[in-house]
Amino acid sequence: MTSAIATPTPSRAARERGAWFLVLPALIPILVLSVGPLLYGIGLAFTDSQSGRTAATQWVGTLNFSDLLHDTLFWESFRIGLVWAVGVTVPQFVLALGLALLLNEELRLRWLARALAIIPWAMPEVVVGIMWRLVYNPDAGILNETLRDLGLGDGHDWLTGLTTALPAVIVVGIWAGMPQTTVALLAGLQNTPRELHEAAAMDGAGAWRRFRTVTWPAIRPIALAISALNFIWNFNSFALVYVLTNGGPGGRTRLPMLFAYEEAFRYGQFGYAAAMGCAMVAVISILLALYLVGRLKGGDE
């Protein structure tokens, strides 16, 4: 009778080394392209670095941050950034939820509707911006042409009007970001057992009650996660607004990222622009920490 030869079990340290070896190809680009520039930018924020300067860059401590606290233009752009982020994220989520609920139903040509719903997601932001500039064109844009055909006036100069520029840009942001939110919510809806809906319907629950007691609890973690990510992405928006308005008119759509870009590459104030970036990273980190604390408390319950 032969005895089985025991296969040696790898030690914990060996398993950890193997795991790091597998993660390393994905970790190196993150360190080089994300963590490295972030640390460099933080260091740059404490200097007086400027473009075209022949003198050596000097360490100025917290001077840039002190100037930033008294920069009313930056804080105005910060306020505009919050209005933009909330104005895009909230309607975006509501509309995407409605679209996801619709696409989750057994409809004819549902596959085609789902394909059409993600088209804005597949388009680069620059292309989206150029396309919507044509839509908003004051002379030949389809929006003003439609208003004229309906007898609702001679049209408006949407992107250069002081009162219409920010709402017009927000509409574009909602349209461009809806697909990713819709896809995330639709995935959550499809993972909700239909037996729960059928049981609730048999108990006499209406559509609203089924949504409140069955659907929403099932997709709530996904809804909170995608909303938090959307807020961060929207607050850090750059390309879409840059193409549409370049921050105008009169700074009405100058988001914080646009302000930092102008300080760095138009006026050459690299140190001051880096301080702006650090301030935005700090705010986003605080918001993300609050979100994670809320999620942990929700998980404990």
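Student: What makes the span of helix 10 in this predicted model shorter than that of a straight helix?

Tutor: A straight helix of 29 residues would span 42 Å at 1.5 Å a residue. Helix 10, residues 207–235, spans only 35 Å between its end C-alpha atoms. This helix also bends by about 55° at Trp 216, and Pro 217 follows within four residues.

Student: Which residues of helix 10 are called buried, and by what cut-off?

Tutor: The cut-off is a relative accessible area under 20%. Among the residues of helix 10 that meet it are Phe 211, Val 214, Thr 215, Ile 219, Asn 230 and Phe 235.

Student: Why is Val 293 called partly exposed?

Tutor: Val 293, which lies in helix 13, has a relative accessible area of 43%. Buried requires under 20% and exposed over 50%; the value of 43% falls in between, so Val 293 is partly exposed. Its C-alpha atom is separated by 32 Å from that of Glu 195, 98 residues apart along the chain.

Student: What makes up the lining of the largest pocket, and how is it divided by residue class?

Tutor: The largest pocket, with a volume of about 620 Å³, is lined by 21 residues. These divide into 18 nonpolar, three polar and no charged. Met 257, Ala 260, Ala 273, Ala 274 and Gly 277 lie nearest the centre of the pocket. Because Gly counts as polar, Gly 277 belongs to the polar class, whereas Met and Ala count as nonpolar.

Student: Which helices supply this lining, and which gives the largest share?

Tutor: Helix 1 (12–44), helix 12 (256–266) and helix 13 (270–300) each supply at least two residues. The largest share, eight residues, comes from helix 13.

Note on methods. Residues numbered from 1 in each chain as written. Predicted model: local features only at pLDDT ≥ 70, side-chain atom pairs only at ≥ 80, totals over all residues. Heavy atoms only, no water. 1 Å grid on protein atoms, 1.4 Å probe; cavity = no way out; pocket = protein on both sides within 12 Å on 5 of 7 lines; lining within 4 Å. Points joined across faces, edges and corners; volume = space filled by probe spheres on them. Expected span 1.5 Å × (residues − 1). Bend = angle between axes of the 7 residues up to and from the residue. Buried < 20%, exposed > 50% of the residue type's maximum accessible area, 1.4 Å probe, protein only.
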